[in-house]
Amino acid sequence: MWRALAQEALDVPVGLVFGIFVTLLAGLSIGFAVTFVIAIPLVWITFLVSAQLGRMERARAAALLDVNLPWPHAPFAPGNWWSRLRQVVTSASRWREIAYLSLGLPVLGTLGLIVLAVWAASLDLIALPIYVTHLPGQSADLELFRIHSGAGAIAALVAGIVGLAFLAPQATVALAAFDRLVVRWLLGPRDRSLLARRVDELEISRDAAINSAEAERRRIERDLH
């Protein structure tokens, strides 16, 4: 549970930074779409940065959530830079990666902030009997009601213990399960894409072997002549 809590705590700053950064890059790429010369490098940068950030997020999920995801993107088929750009732009796994970084991760960060608030509130209620008499008016203002020393402070202590022992851990476990689901769905490969990637890898290996054999044949012919 503690590793899951660390994951959720990191979702807050990581979701904010990565979400803003990737969304800004994607927005600039779309905004400059009418300017072909500027849009092309921005699109490349957006997908390149997203791929590296996605790699980091898969590593974090493996370390803290026990979710081990293979590289989801198919290898590039032989071709020029335009062919590779077309492969990147039409890759569903790369668009899911961008969706995770720009949308999924900020949502997880927001939910992580709520879970951290439950932990903090529970600890605060447990400590309330100790410091309530040192507050102005010797009471704690909780918006809906005020807690004074005595029975009110004891009730706050009990509520804090319940929160710390049950509510906060359950919220952490629930969010960790949701986090795993989102990570697998948006950052992991699909079964069909794994098969397609394997086929692509075999085709690339076959082409490389054919080209190598052809080059070796030409070398032998030159030596014979």
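**A walk through a helical chain**

Buried residues (under 20% relative accessible area with a 1.4 Å probe, counting protein chains only; exposed is over 50%, partly exposed in between) make up 33% of the 225 residues in the chain. You are looking at a predicted model, in which local features need pLDDT of at least 70 and side-chain atom pairs count only at pLDDT 80 or more, while totals for chains, interfaces and linings use all residues. Residues are numbered from 1 along each chain as its sequence is written, and side-chain values use heavy atoms, with hydrogens and water left out.

**Start with the whole chain.** Switch on the cartoon and you will find six helices and two strands; these are DSSP runs numbered from the N terminus, helices being H or I over at least four residues and strands E over at least two. Following the sequence, the pattern reads α-α-α-α-β-β-α-α. Contacts here mean heavy atoms within 4.5 Å. Of those between residues at least 6 apart in sequence, 73% join residues at least 24 apart.

**Next, select the core.** The largest nonpolar core (buried Ala, Val, Leu, Ile, Met, Phe, Trp, Tyr and Cys residues joined through side-chain atoms within 4.5 Å) has 30 residues, and Phe18, Leu53, Tyr100, Leu101, Leu105 and Val183 touch the most other members. At least two residues of this core come from each of H1 (2-31), H2 (36-64), H3 (81-89), H4 (92-131) and H5 (151-187). Now pick Leu101: leaving out residues up to four places away in sequence, Leu101 touches Phe18, Gly19, Val22, Ser50, Leu53, Gly54, Glu57 and Pro106.

**Then show H4 and H5 together.** Their axes, lines fitted to C-alpha atoms over the stretch in contact, come within 7 Å and cross at roughly 170°. On a scale from 0 to 180 degrees between N-to-C directions, that makes H4 roughly antiparallel to H5 (over 145 degrees).

**Stay on H5 and select Thr172.** Thr172 sits in helix H5. Is Thr172 buried or exposed? Its relative accessibility is 0%, so Thr172 counts as buried. Beyond residues up to four places away in sequence, Thr172 touches Met1, Ala4, Leu5, Glu8, Val115 and Trp119.

**Finish at Arg55.** This residue belongs to helix H2. With a relative accessible area of 43%, Arg55 is partly exposed. For a last distance, select the C-alpha atoms of Arg55 and Leu69: they are separated by 9.6 Å, and the two residues are 14 apart along the chain.

Key
Parallel < 35°, antiparallel > 145°, perpendicular 65-115°, else oblique.
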